[in-house]
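Please open the model in your viewer and keep the sequence panel beside it. The stops below say what to select next and what is to be found there.

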Amino acid sequence: MTGDDVPGASTPVTFRGRGLGLRLGSRLVVLVCPLCSQRNAPRGAERGICEWCAYVPSPEDVEQVEDA
Ligand SMILES: [Zn+2]
């Protein structure tokens, strides 16, 4: 049972505990920007950047959301 890397699965993430995003395989979707706290436009979200302040998440900032 290795359910670690299921293709097509999306994992909720934050950026150093702020904002909200989704990890889709190797792609990152920015839903809520950790810098300007704006909800991202779908166009920017798909491109993995913030449409408001052009924030691009660095891989080291991405933290998986633990389902406590
Ligand atoms: Zn932003």
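Before the first selection, a convention for metal sites is needed: four donors count as tetrahedral if all angles lie between 85 and 135 degrees, four count as square planar and six as octahedral if opposite donors are over 155 degrees apart and all others between 65 and 115, and anything else is irregular. Donors themselves are N, O and S atoms within 2.8 Å of the metal (3.2 Å for Na, K and Ca), and since water is not among the atoms, sites may look incomplete.

This is a predicted model, in which local features need pLDDT of at least 70 and side-chain atom pairs count only at pLDDT 80 or more, while totals for chains, interfaces and linings use all residues. Residues are numbered from 1 along each chain as its sequence is written, and side-chain values use heavy atoms, with hydrogens and water left out.

**The zinc site**

Select the zinc ion together with Cys33, Cys36, Cys50 and Cys53, whose SG atoms coordinate the metal at 2.3 Å. The angles among the four donor atoms run from 105 to 117°, and the site is tetrahedral. For reference, the ideal angle at a metal with four tetrahedral donors is 109.5 degrees. Along the chain, the donors of the zinc ion follow the spacing C-x2-C-x13-C-x2-C. The pair of Cys33 and Cys50 links distant parts of the chain, 17 residues apart: Cys33 sits in the loop between β3 and α1 (42–47), and Cys50 in the loop between α1 and β4 (62–64). Colour by accessibility, and both Cys33 and Cys50 turn out to be buried, where buried means under 20% relative accessible area, exposed over 50%, and partly exposed in between (1.4 Å probe, protein chains only).

While the loop between β3 and α1 is in view, pick Ser37, which lies there and has a positive phi of about 60° although it is not a glycine.

**The sheet**

Switch to a cartoon: the chain has one helix and four strands, where helices (H or I, at least four residues) and strands (E, at least two) are DSSP runs numbered from the N terminus. From the N terminus on, the elements run β-β-β-α-β. Select the strands, and you have an open sheet of four, ordered β3-β2-β1-β4 with antiparallel pairing; two strands pair if DSSP finds at least two bridges between them. Because β3 and β4 stand at the edges with a single partner strand each, one side of each is left without a neighbour in the sheet. From one strand to the next, the twist averages 40°, an angle taken between N-to-C directions on a scale from 0 to 180 degrees, with axes as lines fitted to C-alpha atoms, for helices over the stretch in contact.

**The first hairpin**

Now select β1 (residues 10–15) and β2, which run antiparallel and are joined by five bridges. Two residue pairs are worth labelling here: Val13 stands opposite Gly21 in β2, and Phe15 stands opposite Arg18 in β2. The two strands form a hairpin with two residues between them, and Arg16 in the turn has a positive phi of about 50°. Because its relative accessibility is 54%, Arg16 counts as exposed.

**The second hairpin**

Move on to β2 and β3, which pair in the antiparallel sense over five bridges. Label Leu22, whose bridge partner in β3 is Val29, and Leu20, whose bridge partner in β3 is Val32. Which residue in the hairpin of β2 and β3 takes a positive phi? Gly25 does, with a value near 65°, and this hairpin has two residues between the strands. Gly25 is found in the loop between β2 (18–24) and β3 (27–32), and because its relative accessibility is 53%, Gly25 counts as exposed. Draw a distance to Ser10: the two residues are 15 residues apart in sequence and 7.1 Å apart in space, C-alpha to C-alpha.

**The whole chain**

Finally, select everything: buried residues make up 28% of the 68 residues in the chain.
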